[in-house]
Amino acid sequence: MKSMLLFDAHLDLAYNACVRGRDVTRPAFDQPAVDNEVATVGLPDLRGGGVGLICATIFAPPKNSKNRGYSTADEARALAVEQL
């Protein structure tokens with residue numbers, strides 16, 4: 001039987017690490033809730049599931065009462081560059 005390459009084509013890894021302060025090197029169940037939201041994945045979870053490739057997105061949310069988002073294009077760019 002041939003092995004299959006599994007991939008995650010949309011993962012907010014940089015956002016979770018840089019903006020949310022998550023330690024993505026830990027499994028999701030070991031990561032604390034942030035703003036009452038539980039972690040959904042960590043690198044060990046991906047490895048354990050046989051995921052061999054991820055497409056990490058750069059995500060800059062618009063500002064609202066719950067997050068540190070952007071109001072202008074310059075602020076959006078700054079958030080994106082921080083994640084790079």
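Where does Gln83 sit? Here are my notes, with the reminder that this is a predicted model.

1. Let me take that opening residue straight away. Gln83 belongs to helix α3, which covers residues 73–83. Gln83 is buried, at a relative accessible area of 6%. Setting aside neighbours within four places in sequence, Gln83 has contacts with Ala14, Tyr15, Cys18 and Val19, and also with Thr57, Ile58, Phe59 and Ala60. It is a nice residue to click on when you open the model.

2. Next, the nonpolar core. The largest one has five residues: Leu11, Leu13, Val24, Val41 and Leu46. In soluble globular proteins, nonpolar side chains tend to be buried together. Within this core, Leu46 is a good place to look around: beyond residues up to four places away in sequence, Leu46 touches Asp8, Leu11, Val41, Val51 and Ile54. Of these contacts, Leu11 and Val41 are also core members.

3. On the surface, Leu5, Phe7 and Leu53 form a nonpolar patch of about 330 Å². Leu5 comes in the segment before β1, the strand at 6–11. With a relative accessible area of 56%, Leu5 counts as exposed because the cut-off for that class is over 50%.

4. Now the charged pair. How many salt bridges does the structure hold? There is one, and it joins Arg20 to Glu37, with 3.0 Å between the closest N and O atoms. The pair connects distant parts of the chain, 17 residues apart, although Arg20 and Glu37 are both placed in the loop between α1 (13–19) and α2 (43–48). The two partners have their own burial classes: Arg20 is buried, with a relative accessible area of 16%, while Glu37 is partly exposed, at 36%.

5. Finally, the cysteines. Searching the whole structure gives zero disulfides. Why is Cys18 not bonded to Cys55? The closest cysteine sulfur to that of Cys18 is in Cys55, 18 Å away, so the two are too far apart for a bond. Seen from the other side, Cys55 is in no disulfide either, and its nearest cysteine sulfur is that of Cys18. Cys18 is partly exposed, at 35% relative accessibility, and Cys55 is partly exposed as well, with a relative accessible area of 35%. Cys18 also brings us back to the start of this note, as one of the residues in contact with Gln83.

How values were computed: Residues numbered from 1 in each chain as written. Predicted model: local features only at pLDDT ≥ 70, side-chain atom pairs only at ≥ 80, totals over all residues. Heavy atoms only, no water. Core = buried A, V, L, I, M, F, W, Y, C linked by side-chain atoms within 4.5 Å. Buried < 20%, exposed > 50% of the residue type's maximum accessible area, 1.4 Å probe, protein only. Contact = heavy atoms within 4.5 Å. Patch = residues over 30% accessible without salt bridge, like charges linked within 9 Å, V, L, I, M, F, W, Y side chains within 5 Å. Areas by Shrake-Rupley, 256 points an atom, 1.4 Å probe, with all protein chains shown as cover. Salt bridge = Lys/Arg side-chain N within 4 Å of Asp/Glu carboxyl O. Helix = DSSP H or I, 4+ residues; strand = E, 2+ residues; numbered from the N terminus. Disulfide = S-S within 2.5 Å.
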